Amino acid sequence: MWATKKNSNAKLSSEAELSAVFQQMGMKPDHHVRFGDEALVTSKDNNVIIQKVGNDNLAVHLGFLQMGHRYHISVYLTTEMCPCGPLLSPSPGEASLSQYFNPNCHLLAMNQCDDGRWQLKVEYFAHKEKLMREDLFLFSTDENHNINLKLTFHARVLGKGKGTPLLRNGIHSIGFELEDEGETSDWQGFD
């Protein structure tokens, strides 16, 4: 019993010593770490991240999205990322390229900016929860239809009731699609 009291007294004296050290440093003895004002001002970059994976393959990291929502995404590619110039996305009506058309991720427009970069406007549908990966194939404007660039969009999709994500710069929600109620609905329909 005496050893326990002795250890608790030793602990109190070390806390008192620690408190004295904090006071000498100009800190409050409440044992919380405090940083200067400059640490509170640092800002994080909230842009879409683009990584070059291979010669003609780019990974586009979108961050968090919400399930069932459609998004318009603006992505800027440098001339090094897109050396072939303007590219086209396959449309659902083209029979020869229908295997490359992705209804969840497709190109709306591609324009060249004044600084030489290419701006891609993409429509993206977050149709499933958790990790989602969608490929967008872009072809040259000539008749060869060789794949010139493959963009793989990566997103972490939050399900219903999991919160509303902070969207990265260049990503805008344009709406959402209601879930099918399926057979559990008691609605009889119109007569």
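In this predicted model, pLDDT stays under 50 over residues 37-43, a stretch for which the model has 0 contacts beyond four places in sequence. Helix α2 (residues 37-41) is where confidence is lowest in the protein chain, at a mean of 43. The chain start tells a similar story: residues 1-12 also stay under 50 in pLDDT, and for them too the model has 0 contacts beyond four places in sequence. For the protein chain as a whole, the mean pLDDT is 76, with 62% of the residues at 70 or more. At the other end of the scale stands β3, where confidence is highest, at 93.

Strand β3 is a good place to begin with the fold. An open sheet is formed by 4 strands in the order β5-β6-β3-β9, with antiparallel pairing. Because β5 (105-112) and β9 (171-176) stand at the edges with a single partner strand each, one side of each is left without a neighbour in the sheet. On average, neighbouring strands of this sheet are turned by 20° against each other, direction ignored. Within the sheet, β3 (residues 69-77) and β6 (residues 118-125) pair in the antiparallel sense over 8 bridges. One of the residues to follow here is Tyr 71, whose bridge partner in β6 is Tyr 124.

Tyr 124 also leads into the protein interior. The largest nonpolar core has 29 residues, and Tyr 124 is among those with the most contacts inside it, together with Leu 62, Leu 77, Leu 120, Leu 151 and Phe 153. Two or more residues each are given to this core by β2 (57-66), β3, β5, β6, β7 (130-140) and β8 (147-158). Strand β8 supplies the largest share, 5 residues. Such an arrangement is a familiar one, as nonpolar side chains in soluble globular proteins tend to be buried together.

Phe 153 deserves a look of its own. Leaving aside neighbours within four places in sequence, Phe 153 is in contact with Val 60, Leu 62, Val 75, Cys 105, Val 122, Tyr 124, Met 132, Arg 133, Glu 134 and Leu 136.

Readers who handle cysteines at the bench may wish to know how these residues are placed. Cys 105, one of the contacts of Phe 153, has a relative accessibility of 1% and therefore counts as buried. Cys 113, by contrast, has a relative accessible area of 23%, so this residue is partly exposed. The structure holds 0 disulfides.

Methods
Residues numbered from 1 in each chain as written. Predicted model: local features only at pLDDT ≥ 70, side-chain atom pairs only at ≥ 80, totals over all residues. Heavy atoms only, no water. Pairing = 2+ DSSP bridges. Axes fitted to C-alpha atoms, helices over the stretch in contact; angles between N-to-C directions. pLDDT = per-residue confidence, 0-100. Contact = heavy atoms within 4.5 Å. Disulfide = S-S within 2.5 Å. Buried < 20%, exposed > 50% of the residue type's maximum accessible area, 1.4 Å probe, protein only. Core = buried A, V, L, I, M, F, W, Y, C linked by side-chain atoms within 4.5 Å.
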